[in-house]
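Please open the model in your viewer and keep the selection panel at hand. The stops below each name something to select and then say what is to be found there.

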Amino acid sequence: MKGIIFSVKRYSIHDGPGIRVTFYMKGCPLSCIWCHNPEGISPLPEKAVRTNRVGGKSFSREEEVGRFYTIKEIINILDRERVFIDQSGGGVTFSGGEPLLQPDFLIEVLKACKANGYHTAVDTAGYSSSDNYRTIIPFTDLFLFDLKHLDDARHMEVTGVSNVLILENFRLLLENANEIMIRIPVIPGINDDKDHLERMVKFIADSKTTALKKVNLLPYHKTGSSKYKRFNRINKMEGTEPPSKEQMRLLKEKFGETGVKTKIGG
Amino acid sequence: MKISDRVQKLREQSLNAVETMSAERALLMTQFYKSDEVRELSAPVKRAKAFEFLLKNKKICINEGELIVGERGPAPKATPTYPEISLHSPEDLEILNSREKVFFRVDEDAKMIYEKEIIPYWMGKSNRDRLMSRMTPEWLNAYESGVFTEFQEQRAPGHTVLGYKMFRTGFLDLKNEIAEAASKLDYFSDPQAVEKHEELKAMEIACDAIIMYANRHADELERIASKTKNDKRREELLKMSQVCRKVPANAPETVHEMLQHYWFIHLGVITELNPWDSFNPGRLDQHLFPVYKKEMDAGTLNMDELWDLLGCFWVKFNNHPAPPKMGVTANESSTYTDFCLINLGGVKPDGTDAVNEMSYILLDVIKEMRILQPSSMVQISKENPDSFIHKALDIIRTGFGQPSCFNTEAIIAELLRQGKSLEDARSGGASGCVETGAFGTEAYWLTGYFNLPKILELTLNNGFDTRTGKQVGPETGNAADYSNFEELLKVYRVQVNYFADIKIKGNNIIERLFANWLPVPFLSLLVEDCIANGKDYNCGGARYNTSYIQGVGLGSITDILTSIRYNIYDRRRFGWKELTDALKADYIGFEKIRHDLIYETPKYGNDDDYADQQAVTAFEIYYDSVNGRPNTRGGVHRINMLPTTSHVYFGSVTGATADGRNSGVPLSEGISPFQGADNNGPTSVIKSASKIDHLRTGGTLLNQKFSPSFFEDEESYHNLTALIRSYFSLDGHHIQFNVVNADTLKDAQKYPEHYRDLIVRVAGYSDYFNDLGEDLQNEIIRRTEHEDL
């Protein structure tokens, strides 16, 4: 069995505890307009052009983004990083894209990771069948759950899908998962208005369970913009500036009032 | 704690002092050598009397407000020369005076003294003259070609550190030891008894000399006190004078006494000769802790006083730049830093956690003082708590390159493998950049850098160096002659062995020059068992005697060999002709090839076994050529892997290489990947770097670049701590962090005046960014940019 992955990050320190390896799985049912991993949206391998300059000349070559990995390959990569993972209390994170878009592969790879003693995390946008979540809960130590917008119409508008299923899955995990961290992207002009943020704070205050460990506020950043060029996509966020440090600090304070540990960044 | 106004003033004074060359020592040394008495003396006694003469006649300098006294020159940063080691010509003085980086201002008086007194006497008589005249044409060719450098060309071997004993021993005690050793001399069966007697006599003179020197300071302090109107300062001066009367004659019993005791010893060592790495108090937290504790309990010392003493002590090191260097020696170690590396943490002689209150206090002092010298490091043992590492990271994150991190267990294993006792190994540490040593018991001399990529260049070119136009190595054939990779390696090994032989032969000749002409009776007092053996430090008197040759360019040689294996033999992407044409043209017109070499070829630093295998191969070839070869002091040669700034010099003499590197560009430093070659993150760098066997070296250097974003919060500290501990669990010897962003550096290059205090990690040490050559500045900017991405 194989899964398609578009990037592997070592010394990943923002996707769960300790030093981790994060596998970015290709394919996502959402199409958030601020997406900073646009190459993760399509579930198929894609061509991209990479240009390097050497001695004043440019050399371009087409490279394939997205490669199929076997479970054994994944475990091999983890084993090579084992010393760091063990020393730091780290593990493996499956992110994306949306890892639950490859449910059969995901459950098998999670099982294999657990069998090899690795702490597992799944970073999900929440948009998959509830059965899929039920299946992986026993093999997932930590869920990183993205919450983008609480208003369904607006959610539809900025991500392309409804949030009903997402919120349903969120409640399912609140009750059944080992640990959850909520990740809220703070996107200027999309979800950072006062009303919505207040609603979000209240939502989190109402969601407090033993499983809910932390809220991560992820400020919008521009590192995705060069990727849009490379992948020949239109960047709808062109010209948007990241939220200020001060704005993030105030937000952290506000979310902190819920009593749930809040952090800026992963 | 914050530093007091007093220390702040002294610190500013030290930062603002201009490096000058002082002719005082050279003049005194010349007067002494000219005297009639000298001709009749044995070498050790001559050197001891010279030492005594210097200390008796040099100007005593006491700076306002300071608590620890003693300057090597007549004023802070007034730096002496050592004509008996190497003589500066009038042209040299001009270069020193006017060069842009690491200059020493030479005033007209000094120039005059040199012309009239120093040069006429020493012409042809310095150790450098003696040394160069004894080297073979093969040695001189290799040296000129940039295959290796020679540490003892302009400086004396030093490379040692004070151990536990001397922090509890006065020189009067040593005189008793000397008398005892003399009484045991066996004139019936020991043919060296007479020589030993001379050596012991010399040591005794050196004891008296240092005590006399301290008393001269006491006299001067009393004189100044008698003229001082400020009651508080007068009291201080009188107390300082009492301290100088007590130490170093007697064992120190307070923190003040211990620091002053050490400082006189330090001055003695760097006045006697100009040994590499100046000198070093070593495990300072261990030495100070018992006296600190005793005084705190007794209420005779408070934190403010302690901080003042430590601050004054720190400034002293910064007042003492490395003696002026010229030519290749200046290139290989282009810095004012004199490599005194204070060790904190580690384990006690019984193997238990050595971190104590003083370790934390000294880390605070390092943070607050923020000066170039002394340099500092933390020894990290599995016994040490994480909080100790976190405290070190707190300073590292500020981006001035200190402290660096060392693996105590690796150091101990390296020393044990070399035959040291367990207690001696645990009392050891690292000095200079990363060099492993048994403190207080070992003479571990560095002898020169060894240019591994250059030897491959010669290998591919039938031993001929196109830059110097000389046949430097044996004629072993041309690149195109090798039908497979193994054959190439075989020939490379022949060339490495050839140059190692030349270097070792040279080393053994040079060692005897120092043993016969330039014994160091004062330094010999400090390192066990010179007294008991009746033998000089420079003649194998120490308990352990090691000679090191420092391999340079592991990352580069790995990438070059990997590129050849991958592109020529395995993938057959192109042939030897194409590659050698491209190298000859420095890749002009061969950009596509260069692109493929850079972007489409496996590189060291990515945990890629294909590439890293060549690191192991290159390491083993080098190791086999050097390790275990006898030196003349009863010890053997060993390898370590560090560059100081020689990777820049070695790069400048090495043409374009098969890894896509252009001619003249710096080589990789230490065991770090070539700049920009690693793109898989720090864990992969660590995995690659740990594939060579660190425990069979005397130190390796790994430089890891981090942007400040890796030091954000508690979690990032936790992860960095785990990263360090992981590397050390893989037997890594040392890792250091450069924390800085590229924009800061570019701005500093543009406006150096705004960045007088900008310190960056170079390689094994930190330096003021402004004092680095432009090429090295650019290299650091490049590698920082790489990290920012």
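Begin in chain B of this predicted model by selecting helix H16 (residues 386-396) and helix H29 (residues 714-729), which pack at an angle of about 105 degrees with their axes 10 Å apart. Since angles of 65 to 115 degrees count as roughly perpendicular, that makes H16(B) roughly perpendicular to H29(B). To see the contact itself, show the side chains of B:Asp386, B:Ile389, B:His390 and B:Leu393 in H16(B), which meet B:Tyr717, B:Leu720, B:Thr721 and B:Ile724 in H29(B). Coloured by character, the residues of this contact divide into five nonpolar, two polar and one charged.

Keep H16(B) displayed and add helix H15 (residues 357-369) of chain B, because H16(B) is included in what covers the buried residues of H15(B). The other elements to add to that cover include helix H1 (5-16), helix H12 (284-298), helix H13 (303-318), strand S3 (341-345) and strand S4 (375-380), which belong to chain B as well. Which residues of H15(B) are buried? They are B:Met358, B:Ser359, B:Ile361, B:Leu362, B:Leu363, B:Val365, B:Ile366 and B:Met369. If you check the geometry of H15(B), its 13 residues reach 18 Å from the first C-alpha to the last, close to the 18 Å expected at 1.5 Å a residue. Step past the end of the helix to B:Arg370, which follows H15(B) and has a positive phi, near 45 degrees.

From H12(B), already on screen, move to the loop between helix H11 (255-272) and H12 of chain B, where B:Asp277 has its place. The phi of B:Asp277 is near 65 degrees, a positive value in a residue other than glycine. Is B:Asp277 buried or exposed? With 25 other C-beta atoms within 10 Å, B:Asp277 is buried.

The next selection is a sheet in chain B: an open sheet of three strands in the order S8-S11-S12, with parallel pairing. Strand S8 (442-451) and strand S12 (636-640) of chain B stand at the edges, each with a single partner strand, so one side of each is left without a neighbour in the sheet. Looking along the sheet, you will find that neighbouring strands are turned by 30 degrees against each other on average, direction ignored. Strand S11 (residues 544-552) of chain B is joined to S12(B) by five bridges, and the two run parallel; to pick out one position, select B:Thr546, whose bridge partner in S12(B) is B:Val636. Now add helix H20 (residues 485-517) of chain B, which packs on the sheet and touches S8, S11 and S12 of chain B, its direction making about 145 degrees with that of S8(B). Helix H19 (residues 452-459) of chain B lies across S8 and S11 of chain B and runs at about 40 degrees to S8(B).

With these elements still visible, select B:Tyr622 in helix H26 (residues 609-626) of chain B. Leaving aside residues up to four places away in sequence, B:Tyr622 touches B:Leu452, B:Val496, B:Gly551 and B:Ile639. B:Tyr622 counts as buried, with 25 C-beta neighbours inside 10 Å. For a sense of scale, draw a C-alpha to C-alpha distance from B:Tyr622 to B:Asp208: the two are 46 Å apart in space and 414 residues apart in sequence.

One further stop in chain B is the loop between helix H21 (521-526) and helix H22 (530-533), where B:Asp529 is found. The peptide bond from B:Glu528 to B:Asp529 is cis, with omega near 0 degrees.

Turn next to the interface, where 16 residues of chain A are in contact with 23 residues of chain B. On the side of chain A that touches chain B, strand S1 (2-12), strand S3 (46-54), strand S4 (57-65) and helix H2 (82-88) of chain A each supply at least two residues, and H2(A) gives the most, with four residues. The residues of that side divide into seven nonpolar, five polar and four charged.

Finish within chain A by selecting A:Tyr11, which lies in strand S1 of chain A. A:Tyr11 has a positive phi of about 45 degrees although it is not a glycine, and with 23 C-beta neighbours inside 10 Å it counts as buried. The last selection is A:Gly97, in the loop between strand S6 (91-96) and helix H3 (103-115) of chain A, where the peptide bond from A:Gly96 to A:Gly97 is cis, with omega near 15 degrees.

Notes:
Residues are numbered from 1 along each chain as its sequence is written. Chains are lettered from A and ligands numbered from 1 in the order in which they are written. This is a predicted model: local features need pLDDT of at least 70, side-chain atom pairs count only at pLDDT 80 or more; totals for chains, interfaces and linings use all residues. Two strands pair if DSSP finds at least two bridges between them. Axes are lines fitted to C-alpha atoms, for helices over the stretch in contact, and angles run from 0 to 180 degrees between N-to-C directions. Two residues are in contact if their C-beta atoms, placed from the backbone, lie within 7 Å. Ala, Val, Leu, Ile, Met, Phe, Trp, Tyr, Cys and Pro count as nonpolar, Asp, Glu, Lys and Arg as charged, and the others, Gly among them, as polar. Angles under 35 degrees count as roughly parallel, over 145 as roughly antiparallel, 65 to 115 as roughly perpendicular and the rest as oblique. The expected span of a helix is 1.5 Å times one less than its number of residues. A residue is buried if 20 or more other C-beta atoms lie within 10 Å of its own, exposed if 12 or fewer, and partly exposed in between; C-beta atoms are placed from the backbone.
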